[in-house]
Amino acid sequence: MNRSSIGALLSTVALAYLTACSGRSASADAPADVRVPAVTAEVSTTEPGYAVPTPQSNPESLPPLPSGNTVTVNLVLLDRTVQIAPGVKYRAWTFNGTVPGPVIHAQVGDTIDVTLTNKAMMGHSIDFHAALAPPNIAYQTVQPGKTLHFSWVARYPGAFLYHCGTPPVLAHISNGMYGAVIVDPKDGWGSDARSFVLVQSEFYPSPYPGAPGIFYGDLSKMKTAMADVVTFNGLAFRYRVNPLQIKVGQPVRVFVVDAGPSHFSAFHIVGTILSRVLVDGNPSNQLEGIQTTAIPPGGGAVVEFTVQQAGTYPVVTHSFGDADAGALGLFNATD
Ligand code: CU
Ligand code: CU
């Protein structure tokens with residue numbers, strides 16, 4: 001098979017992905033009470049002076065649940081230069097100016113009211129893995145200067161990905177268009193714990209012509225899946241430089257999402273055993289006593305652990321090529 005026929009095959013696979021990945025149908029094993037109102041979406045011309053939300057400053061923090069049963073999500077599509085590794089500034093495509101975009105926190109039963117405003121140079125969209133919605137309506141591409149409004153109801157608990165679904169999805173995810181949606185179960189997660197959100201993703205930078213020190217996303221590299229930079233929360237070694245602070249004897253709960261676009265996470269915390277892992281973050285999928293948990297691109301997990309002694313505990317993907325490329329941080333445990 002020559003290169004162009006491989007390319008054609010890959011396009012077919014990508015289209016199948018777009019159809020399959022962009023929404024979940026209520027399957028036979030879905031809870032019997034899963035009923036979602038019809039999702040409609042309106043496109044309008046963006047109001048002049050539309051305010052850009054303040055970027056989330058601590059990507060590892062889970063924002064509090066809003067009061068009431070509606071979660072208002074204002075996302076603005078912005079082209080921004082962000083730092084992805086020491087000395088590497090990257091021309092990113094973003095939700096609200098950061099990579100990853102803001103963490104969205106809801107509870108089962110909540111309505112998520114989404115306004116997506118495009119202030120970037122090209123068309124983008126948003127695909128919520130946590131939603132049950134027709135992709136051609138809710139996840140349609142929004143052109144620059146336009147605003148899309150739609151809402152959906154959270155029916156499943158979990159740690160979910162959201163991402164831009166505009167083709168080529170590979171480029172839109174590689175360039176920074178993703179974030180986490182955390183949907184709490186109706187009765188919460190169980191024990192009180194210190195919570196963190198970690199989004200793993202990888203980058204494929206090449207030098208931007210004529211702009212020393214600035215990099216852009218190289219589509220030919222993305223297609224090889226040979227990433228130069230792999231991160232937790234968008235910056236290589238972010239939590240080696242600034243460790244995540246925990247306490248001896250205090251349960252820790254980490255909401256992990258793998259944005260990919262192409263690499264699995266072999267999520268592992270050195271010096272611990274994960275006491276509980278909820279596959280995709282759903283308490284129906286509970287595992288206990290896990291050394292390393294596999295999280296696919298487009299998947300998530302809730303992991304819990306408690307350390308018994310003060311020290312520094314590295315958090316890595318056990319695919320060590322990726323840990324060396326930046327997906328390595330530290331938990332610093334004190335008494
Ligand atoms: Cu997807
Ligand atoms: Cu996009």
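Donors are N, O and S atoms within 2.8 Å of the metal. The legends below describe a predicted model.

**Figure 1. Protein donors of the copper ion (ligand 2)**. Four residues supply the donor atoms: His124 through ND1, Cys164 through SG, His172 through ND1 and Met177 through SD. These atoms lie 2.0 to 2.5 Å from the copper ion. Along the chain, the donors follow the spacing H-x39-C-x7-H-x4-M. His124 sits in the loop between strand S5 (111–118) and strand S6 (127–128), while His172 belongs to helix H3 (residues 169–174). The pair is 48 residues apart and links distant parts of the chain. Both His124 and His172 are buried.

**Figure 2. Geometry at the copper ion (ligand 2)**. The 4 donor atoms subtend angles of 87 to 133°. Four donors count as tetrahedral if all angles lie between 85 and 135 degrees. The arrangement around the copper ion is therefore tetrahedral.

**Figure 3. Surroundings of Val256 in strand S15**. The strand spans residues 252–260. Val256 has a relative accessibility of 0%, so Val256 counts as buried. Outside the residues up to four places away in sequence, Val256 touches Ala159, Leu198, Phe267, Ile295, Gly299, Gly300, Ala301 and Val303. The C-alpha atoms of Val256 and Val199 are separated by 5.8 Å, although these residues are 57 apart along the chain.

**Figure 4. The salt-bridge network of Arg253, Arg276 and Glu304**. Arg253 and Glu304 meet through their side chains at 2.7 Å, N to O. Arg253 lies in strand S15 and Glu304 in strand S20 (residues 299–305), so this salt bridge ties together parts that are 51 residues apart in sequence. Glu304 also forms a salt bridge with Arg276, with the closest N and O atoms 2.9 Å apart. Here strand S20, holding Glu304, is linked to strand S17 (residues 274–279), holding Arg276. That pair is 28 residues apart. Buried means under 20% relative accessible area. Arg253 is buried at 4%. Glu304 counts as buried at 10%. Arg276 is buried at 17%.

**Figure 5. The salt bridge between Asp228 and Lys221**. The closest N and O atoms of this pair are 2.6 Å apart. Asp228 is partly exposed, with a relative accessible area of 41%. Lys221 is partly exposed too, with a relative accessible area of 25%. A search of the whole structure finds 3 salt bridges.

Definitions and conventions. Residues numbered from 1 in each chain as written. Chains lettered and ligands numbered in written order. Predicted model: local features only at pLDDT ≥ 70, side-chain atom pairs only at ≥ 80, totals over all residues. Heavy atoms only, no water. Donors = N, O, S within 2.8 Å, 3.2 Å for Na, K, Ca; no water. Tetrahedral: all angles 85-135°; square planar, octahedral: opposite > 155°, others 65-115°. Helix = DSSP H or I, 4+ residues; strand = E, 2+ residues; numbered from the N terminus. Buried < 20%, exposed > 50% of the residue type's maximum accessible area, 1.4 Å probe, protein only. Contact = heavy atoms within 4.5 Å. Salt bridge = Lys/Arg side-chain N within 4 Å of Asp/Glu carboxyl O.
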